[in-house]
Amino acid sequence: MSQSHYHGARWIRADFHLHSPGVYSFRFPDGLSQKDRNELIRRYVDQLQAQGIEIAAITDYQHVRVEWFVPIRDAAANKGIYVYPGVELSFGGGVAGKHGLHVLAIFPYQANPESINRAVDKLLDDDTTELLLDDGRHRDLKPQAPIRECLPRLRQEQDCLFIFAHPHDSHGLFKTYSPVEAADVLRSLSPEAIESFDEDDRQRLHSTGKVTLEYLRTIAGIENSDNHSIAEIGTKAHDGRLRRTYLKLSAPDDLRAIRLALRDNALLVRVGDPPAPDYTRLLRLTVEGSGFLGGMDLTFSPELNVLVGGRGVGKSAILETVRFVLDLEAFSPTEYRERLVEHALGSGGKAILTLCQAVRPGVEREFRIERVLGEAPRVFEGERAVQLLPREVLGEREIPLFFGQREMYEVTQAPALRRRLLDAIIGRESDQQRRQVKKLEEEARRNMRAILERQERLAQREDLEKRWQEIEHQVALYRQYGIAQKLQEATALTRDAERLRQAREQFDQARSDWHEFRQRLSERWASALSRLGQAGSAQAALLQEAARLVRHLRETLDGSLQQGETSLHQALTEFDRLLERWEQERRPLDEAIQRLKQELGMQLPDPDVLIRLTQEQETLRPQLDLLRREEAAIVALQQERRQKLGDLREQRRQVFQLRQKQAEAISQALRDRVTVQVKCRSQRKDFAEALIAFFSGSGLDKETLHRVAERATDGLDLAEWIRQGEESLVNEANLTPSRARQMIRFVEQSPPRIYDLELLTPEDEVEVALRVNETWLPLEKLSAGQRAAAMLLILLTRHDRLLLADQPEDDLDNRFIFDDVVPLLREQKGRRQIIVATHNPNIPVLGHAELVVALEARDDRASPRVQGAIDRHDVQDIVRNIMEGGDEAFRRRAEKYGVNLEGGRT
């Protein structure tokens with residue numbers, strides 16, 4: 001992700017327990033001492049950078065060592081590292097438990113170090129003795145008031161946060177206090193974090209009955225370096241694991257943001273390695289052109305992105321542009337979306353979407369999809385164009401779920417769209433299963449066409465067999481009078497005569513070609529001699545010699561050609577004598593046939609017809625053989641069809657089972673709010689409509705066909721009843737005999753109809769119910785807002801799919817967003833990317849959006865006014881000012897996490 005363009009929250013390594021070279025226990029690198037201040041500062045900051053620490057707090061004992069802190073802070077700032085002023089407050093035994101207590105106090109980034117030191121002296125030490133001794137050591141604090149009183153005053157005055165250091169070691173919370181005492185201290189001091197604080201510690205404190213687990217989980221467990229050398233910065237380990245802490249922030253210079261992260265630590269704090277998204281996600285959207293979004297350049301967070309702003313600032317335009325680039329199909333296509341994209345891009349405008357494809361754990365590929373208005377998308381990997389569709393780049397499992405304005409309402413109204421939504425939620429597996437259904441349906445149609453073609457050819461068999469019998473009868477008469485054999489001989493002679501005639505024609509053509517060849521040669525010699533006789537140079541003698549060569553060649557070839565012509569003439573003469581002999585040999589047979597014709601007179605057809613009859617018979621023979629084989633082929637095809645229709649039924653059942661499994665998973669995930677049920681082939685109303693369309697023109701009334709739709713499992717059942725006849729339809733479909741005959745006649749009028757009928761089937765029914773005031777109500781009995789609530793919850797259950805939603809909260813109340821939507825959004829952090837346009841502040845505030853983009857429109861162009869996570873001041877101000885209920889959303893967050901974003905603890 002391009003950090004130069006990204007403004008949202010990201011995982012930042014933080015270390016809140018660092019010591020400067022100014023403390024007594026600090027070990028200097030070889031060859032260096034406190035006198036080498038500049039080199040020590042340089043190495044200190046280089047070590048912070050080398051360990052990837054971007055937020056640090058120098059917490060020297062009792063006071064800020066100003067002479068070290070300030071130059072380190074300034075040098076680090078030049079490298080983009082924020083070093084906060086802090087103090088490790090050291091209380092002795094008796095003052096704080098049995099062995100004493102060390103508490104880290106971290107102050108705002110811009111706080112004055114001298115003011116911090118004066119506050120520590122004033123509030124935490126009632127002794128006139130210096131806290132820092134001449135040799136660099138320190139003495140323990142001796143406050144006049146109990147630490148349960150003075151530390152809260154320090155927080156209130158200095159807006160600092162508290163971290164209990166090394167709780168299991170000397171001067172640690174759990175070493176110096178019993179569990180009951182420690183629980184009391186936590187309740188009174190409310191630290192933001194405890195070092196090496198784990199679930200076992202929480203359970204032990206909870207077992208005292210003094211504190212709730214909910215409260216204890218607002219205290220972060222973190223790991224810090226507690227270094228005493230430069231080399232130890234970021235490198236120390238605890239239980240064999242590096243002591244590393246990451247905070248998810250977009251405002252690393254704001255202590256309020258750090259406090260919020262520590263309080264909301266389940267979401268915003270990670271010890272060890274930061275999580276890395278392992279799912280396909282959008283990285284960046286860039287728009288070029290003269291349209292409303294021209295010049296827009298957004299880099300997205302891999303988690304929750306929220307687009308906010310008044311109407312007409314470009315929220316919907318951005319989402320619809322993303323849909324346009326990815327070529328995603330809408331649930332309810334409208335011209336409004338097309339116009340919105342045209343307005344966003346302008347004539348010739350181009351949108352560019354960069355995305356990261358998760359191939360497998362640890363392996364990613366970055367693609368760029370470009371689409372110009374009016375053209376198809378083009379996909380690039382680097383600068384290389386790849387012949388892939390956006391869907392193929394995303395992968396079937398990663399196709400985004402996209403819901404624009406009004407689409408959610410459309411889905412709640414249409415059973416077919418609910419089914420399609422469920423399939424979209426299932427993703428790749430559903431797509432594969434449904435493609436297999438389509439494949440089997442197409443195979444059944446091809447099978448139908450093959451059967452009908454063969455049946456059509458088979459219908460010719462009766463005519464062909466009748467003609468065969470007529471020919472056999474006529475040929476038998478010829479045989480009876482003894483003419484058949486002679487005619488067969490005459491037929492053979494006729495064929496051979498034709499062969500001789502064709503050969504004679506070739507002789508004539510050869511002689512003509514020979515004459516033509518001689519003529520062309522003669523013309524060439526004449527032309528050559530004419531040119532050679534026109535010599536005009538001193539070398540004319542050479543041309544005369546060439547002319548002699550040509551004349552010699554002409555004379556030689558003329559002799560050969562004359563000899564060839566003589567040979568041709570002789571061959572033709574001999575061939576003509578052969579033809580005369582042929583006619584003499586054939587004459588007796590022709591005379592015998594002629595006598596038979598005269599004797600038979602009109603008793604038989606012309607004996608010449610025998611030749612044609614024989615030829616026709618030879619033509620009919622393979623046709624009849626083929627038609628006899630067609631019968632067997634039809635039987636095989638019909639058997640194959642029964643198998644395919646059985647496979648189709650089973651495949652449709654598998655699609656149902658897949659839908660049912662997903663519905664059960666959704667119901668389990670939303671068990672207290674929403675249930676989803678899938679009923680196999682229960683869309684009887686749509687099935688009846690399909691039958692009405694199928695039997696259009698049959699005269700069957702709609703009421704009759706509705707009854708049939710309730711009785712037949714599917715079209716295959718109905719087709720079988722029709723084949724079995726009137727009685728079967730009367731018994732099985734509850735038809736009157738006249739209606740049954742009417743249905744049979746209609747189907748028999750067109751051979752393909754029975755096969756088309758077999759493919760009709762009722763679709764699965766997807767039923768959704770929402771719990772309202774302890775009562776489960778189906779969609780049909782819900783208000784528009786309640787329907788949208790149910791569908792939105794369903795969309796949020798698929799954790800591995802990118803979700804884009806345009807104002808999904810329309811018609812939803814804040815309580816639903818707070819109680820149902822926000823917990824799901826928070827649960828899905830790091831598991832999917834969500835990009836949502838909304839007017840409801842609870843989504844960015846309570847959902848803790850990693851990126852909020854506040855849009856504005858100026859000079860007919862949309863542009864980001866503010867970008868950042870909800871931890872930034874300017875983002876919070878925008879939410880309060882332009883989103884109705886913004887203050888209430890922040891109040892709710894303060895109640896839940898104990899953090900007032902205007903200041904410190906509530």
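Which strand does E21 pair with in the antiparallel sense over four bridges? That partner is strand E22, residues 775-778, and I would like to start there, after a word on what we are looking at. This is a predicted model, in which local features need pLDDT of at least 70, side-chain atom pairs count only at pLDDT 80 or more, and totals for chains, interfaces and linings use all residues. Residues are numbered from 1 along each chain as its sequence is written, and side-chain values use heavy atoms, with hydrogens and water left out.

A few terms first, since I will lean on them. Strands (E, at least two residues) and helices (H or I, at least four) are DSSP runs numbered from the N terminus, and two strands are said to pair if DSSP finds at least two bridges between them.

Back to E21, then. Between E21 and E22 there is a hairpin with two residues between the strands, and in that hairpin asparagine 773 takes a positive phi near 55°. Along the pairing, alanine 769 has proline 778 of E22 as its bridge partner. E21 also pairs with strand E20, residues 674-679, in the antiparallel sense over six bridges, and there valine 678 is matched with valine 766 in E21. As for its surroundings, E21 is mostly covered, with six of its eight residues buried, where buried means under 20% relative accessible area, exposed means over 50%, and partly exposed lies in between, using a 1.4 Å probe and protein chains only.

There is another hairpin that you may want to find on the screen. Strand E25 (residues 851-858) and strand E26 (residues 861-868) pair in the antiparallel sense over seven bridges, with glutamate 856 partnered by serine 863 in E26. Two residues lie between these strands, and aspartate 859 in this hairpin takes a positive phi near 50°.

Now to the open sheet, which has nine strands in the order E7-E6-E5-E4-E3-E2-E1-E10-E11, with mixed pairing. Strand E7 (220-222) and strand E11 (269-271) stand at the edges, each with a single partner strand, so one side of each is left without a neighbour in the sheet. Within this sheet, strand E2 (residues 53-61) and strand E3 (residues 82-91) pair in the parallel sense over seven bridges, and the bridge partner of aspartate 60 is valine 87 in E3.

Next, the empty space. On a 1 Å grid over the protein atoms alone, a cavity is a set of points where a 1.4 Å probe fits but cannot get out, whereas a pocket is an open set with protein on both sides within 12 Å along at least five of seven lines; lining residues have an atom within 4 Å of a point. Volumes are the space filled by probe spheres set on the points, with grid points joined across faces, edges and corners.

The largest pocket holds about 1100 Å³ of space. It is lined by 41 residues, and the closest to its centre are Arg420, Asp423, Asp431, Arg434 and Arg659. Among the elements that each supply at least two lining residues are helix H15 (415-426), helix H16 (428-458) and helix H20 (609-669). The lining of this pocket divides into 17 nonpolar, two polar and 22 charged residues, counting Ala, Val, Leu, Ile, Met, Phe, Trp, Tyr, Cys and Pro as nonpolar, Asp, Glu, Lys and Arg as charged, and the others, Gly among them, as polar.

What about enclosed space, and how many cavities of 30 Å³ or more does the structure hold? There are five, and the largest has a volume of about 80 Å³. Its lining has 11 nonpolar residues, no polar and no charged ones, including Leu304, Pro808 and Ile843. The second largest cavity, at about 50 Å³, is lined by eight nonpolar residues, no polar and one charged. Here H15 gives the largest share, four residues, and E21 also appears among the elements that give two or more; Val766, the bridge partner of valine 678, is one of the lining residues.

Finally, the cysteines. Taking a disulfide as a pair of cysteine sulfur atoms within 2.5 Å, the count comes to zero. Cysteine 150 has as its nearest cysteine sulfur that of cysteine 160, which is 11 Å away. Cysteine 150 counts as buried, at 0% relative accessibility, whereas cysteine 680 counts as partly exposed, at 31%.
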